[in-house]
Amino acid sequence: MLPLPSFQYEAPTDVVEASRLLSEPGSQLIAGGTDLLVSMKHRLFEPRLLVSARRLGLRGISEHAGWLEIGAATTLHDVARHPTVLARLPALAAACRTVATPTIQTMATLGGNLMLDTRCMYYNQPAGWRATLGYCLKREGTVCHVAPKGRGCYATHSADTVPALWLMGAEAEFSSARGVRRVAVSSMYREDGIAWLRLERDEVLTRVFVPLDTRRVVHRKLRTRQAIDYAQVLVAVAGPVSPGGTWTAVISSVSSSPILVEAASAAELSEAAFRACQPLSTHLAPATWRKKMVRVEVARAAALIG
Ligand SMILES: Cc1cc2nc3c(=O)[nH]c(=O)nc-3n(C[C@H](O)[C@H](O)[C@H](O)COP(=O)(O)OP(=O)(O)OC[C@H]3O[C@@H](n4cnc5c(N)ncnc54)[C@H](O)[C@@H]3O)c2cc1C
Ligand code: SF4
């Protein structure tokens, strides 16, 4: 069993105080802890202070003026079972249900999923394992083992709920001691495995807003087993708003940021997705197969829309 490093713990009751604590070097927010605590055991993060989201009042789901407002600390279990999510946003319910396992979904939060670290088979390993390779560019090392001649990090964005929320036109609210800002989920990420979030370190994700009049979206996750595993390919697809309109897909788990693809028909969409995605090999599947499966998964999702 891997021990946790030692840390201090604070559970503030207001977001401004949480933000003030997060502005101090070596502090990090913890929500459900289902990813962060594993990463701490692997010594990927060694925060001096954990600031808990538990007492910030960020749990709960309500409807206002055509938007569903979901508190960032609401568990994936609760999101997936909410009557409005099931009736009006079934792709979001489906995406929550594909994260990890039902047990983990009772702890894991929607906010933690949107903020999830990028992943790589050379990075998400215990410290001793990483030390034998001399670590890597993302932490403690100087070389990327995926692309030794490259200059960046190609760790993949792998958060299950993001492609569906992106296509639904969801927005995220961030609060800090400096104020509140609301941004489209589609603008939160960038193509950099090390700095994948456009975010200041003292910002707390407080709420996720999803428009209830959104287009119908289909979520599909290709994984080795039907539980626990992260995706080999993750897609969300939406059909045209009106006849002759644009088909849209967001593909994840193949690069450091989700990839948006648009086309005039479902058939063109799957071909465009195939061309746009350049997945890397994982220890479970070669890159060539994953790339072909992008085309297949987008086509399967589009067929479900009809
Ligand atoms: C065995 C296993 C399998 C998994 N499989 C999947 C999978 O298939 N798909 C998937 O998407 N995830 C998977 N996960 C990862 C994880 O369970 C989920 O992504 C979960 O939603 C993370 O939420 P959390 O509340 O536990 O986040 P935490 O672990 O608490 O935090 C994750 C990150 O988000 C930050 N954070 C959390 N909340 C906020 C906030 N409100 N504001 C600002 N920053 C915040 C934290 O600082 C941290 O950096 C898996 C985890 C395990 C252990
Ligand atoms: S892709 Fe990123 S995490 Fe993976 S080995 Fe390269 S630098 Fe490390």
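Ile 251 sits among plenty of neighbours in this predicted model: leaving out residues up to four places away in sequence, it touches Pro 163, Leu 234, Val 235, Pro 258, Ile 259, Val 261, Ala 273, Cys 277 and Val 294 (contact means C-beta atoms, placed from the backbone, within 7 Å). Ile 251 is also one of the best-connected members of the largest nonpolar core, which has 76 residues; Leu 92, Leu 165, Ala 236 and Ala 249 are the others with the most contacts inside it. Such a core is a set of buried Ala, Val, Leu, Ile, Met, Phe, Trp, Tyr and Cys residues joined through C-beta atoms within 7 Å. Buried means that 20 or more other C-beta atoms lie within 10 Å of a residue's own, again placed from the backbone; 12 or fewer makes a residue exposed, and anything in between partly exposed. A second, separate core of ten residues includes Cys 120, Tyr 123, Val 146 and Tyr 154.

Cys 120 and Tyr 123 turn up again at ligand 2, where they come nearest along with Cys 136, Cys 144 and Cys 153, out of 13 residues around it (a residue counts as near if its C-beta atom, placed from the backbone, lies within 6 Å). This shell splits into ten nonpolar, two polar and one charged. Here Ala, Val, Leu, Ile, Met, Phe, Trp, Tyr, Cys and Pro count as nonpolar, Asp, Glu, Lys and Arg as charged, and the others, Gly among them, as polar. Ligand 1 has 31 residues around it, with Ala 31, Gly 32, Gly 112, Asn 113 and Met 115 the closest. Its shell comes to 20 nonpolar, nine polar and two charged.

Back to Val 294: it is buried in helix α11, as are Arg 290, Met 293, Glu 297, Val 298, Ala 301 and Ala 302. An α-helix has 3.6 residues a turn, so residues three or four places apart point the same way. The cover over the buried residues of α11 includes β9 (217-222), β10 (233-238), β11 (247-252) and α10 (266-276). Helices (H or I, at least four residues) and strands (E, at least two) are DSSP runs, numbered from the N terminus. Just after α11, Gly 306 takes a positive phi of about 90°.

Overall, the protein chain has eleven helices and twelve strands, and 43% of its 306 residues are buried.

Residues are numbered from 1 along each chain as its sequence is written, while chains are lettered from A and ligands numbered from 1 in the order written. As the model is predicted, local features need pLDDT of at least 70 and side-chain atom pairs count only at pLDDT 80 or more, whereas totals for chains, interfaces and linings use all residues.

Key: Contact = placed C-beta atoms within 7 Å.
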